[in-house]
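Student: I would like a close look at a single part of this model, with its pairing and its charged contacts taken in turn. Please keep the answer connected.

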Amino acid sequence: MNVIALRRHCEALVGIRHDVKWGGVDVYSVHQTKMVCIFYDGNKMACKVPDDLFLMMAEIPGCRPAPHLARVGWIEFGLECTLPNAEIESIITRSWHLVVDKLPKYVQKALRQNDSHHG
């Protein structure tokens with residue numbers, strides 16, 4: 001898992017804002033405070049996954065339900081995660097879409113007008 005490349009992917013998502021919270025957690029959010037992806041403990045990352053994939057994702061070596069966020073459908077990816085980086089980037093992009101889907105329609109429209117990954 002290439003954490004640097006994954007952070008770059010987060011930064012490239014439309015409307016993303018980066019903050020450092022809770023004593024060193026890198027938080028990537030859209031529309032002020034809606035979290036899309038977080039990085040912590042140097043080599044761990046977590047993001048929202050679709051409900052129908054949550055249990056399957058939790059079974060992948062190096063992945064598990066994210067502490068404190070599993071109840072809202074987040075999976076943690078550790079350094080020993082066996083998924084290729086491109087697949088994790090795709091999961092992060094899906095997390096962005098899941099979060100944006102919950103925003104007001106006018107915000108969704110504005111974000112998606114500038115989103116080249118949508119489709």
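Student: Which residue in β4 is the bridge partner of I38?

Tutor: The partner is A46: in this predicted model, I38 is bridged to A46 of β4. That pair belongs to the contact between strand β3, residues 34-40, and β4, where the two strands run antiparallel and are joined by four bridges. Strand β4 itself spans residues 44-48, and four of its five residues are buried, which leaves the strand mostly covered.

β4 also pairs with strand β6, residues 74-77. This pairing is again in the antiparallel sense, over four bridges. One bridge to place here is that of K48, whose partner in β6 is W74. β4 therefore has β3 as one antiparallel partner and β6 as another, by the strand-pairing criterion of at least two bridges.

Next comes the turn into β4. The hairpin of β3 and β4 has three residues between the strands, and D41 there takes a positive phi near 55°. D41 is exposed, because its relative accessible area is 58% and the cut-off for exposed is over 50%. The side chain of D41 also meets that of K44 in a salt bridge, at 3.9 Å from N to O. This distance counts because the limit is within 4 Å. K44 has 26% relative accessibility and so is classed as partly exposed. The hairpin residue D41 thus combines a positive phi with a salt bridge to K44.

The D41 contact can be set beside other charged pairs in the model. Side chains of opposite charge can pair when their charged atoms come close. The count of salt bridges comes to five. Among them is the one between D26 and R7, with 2.8 Å from N to O. D26 lies in strand β2, residues 25-30, and R7 in helix α1, residues 3-12, so this pair ties together parts that are 19 residues apart in sequence. D26 counts as buried at 13% relative accessibility, whereas R7, at 21%, counts as partly exposed.

Another salt bridge is formed by D19 and R17, with the closest N and O atoms 3.1 Å apart. D19 is buried, at 17% relative accessibility, while R17 is partly exposed, at 45%.

To return to β4: the strand is mostly covered, and I38 of the neighbouring strand β3 has A46 as its bridge partner there.

Technical notes. Residues numbered from 1 in each chain as written. Predicted model: local features only at pLDDT ≥ 70, side-chain atom pairs only at ≥ 80, totals over all residues. Heavy atoms only, no water. Buried < 20%, exposed > 50% of the residue type's maximum accessible area, 1.4 Å probe, protein only.
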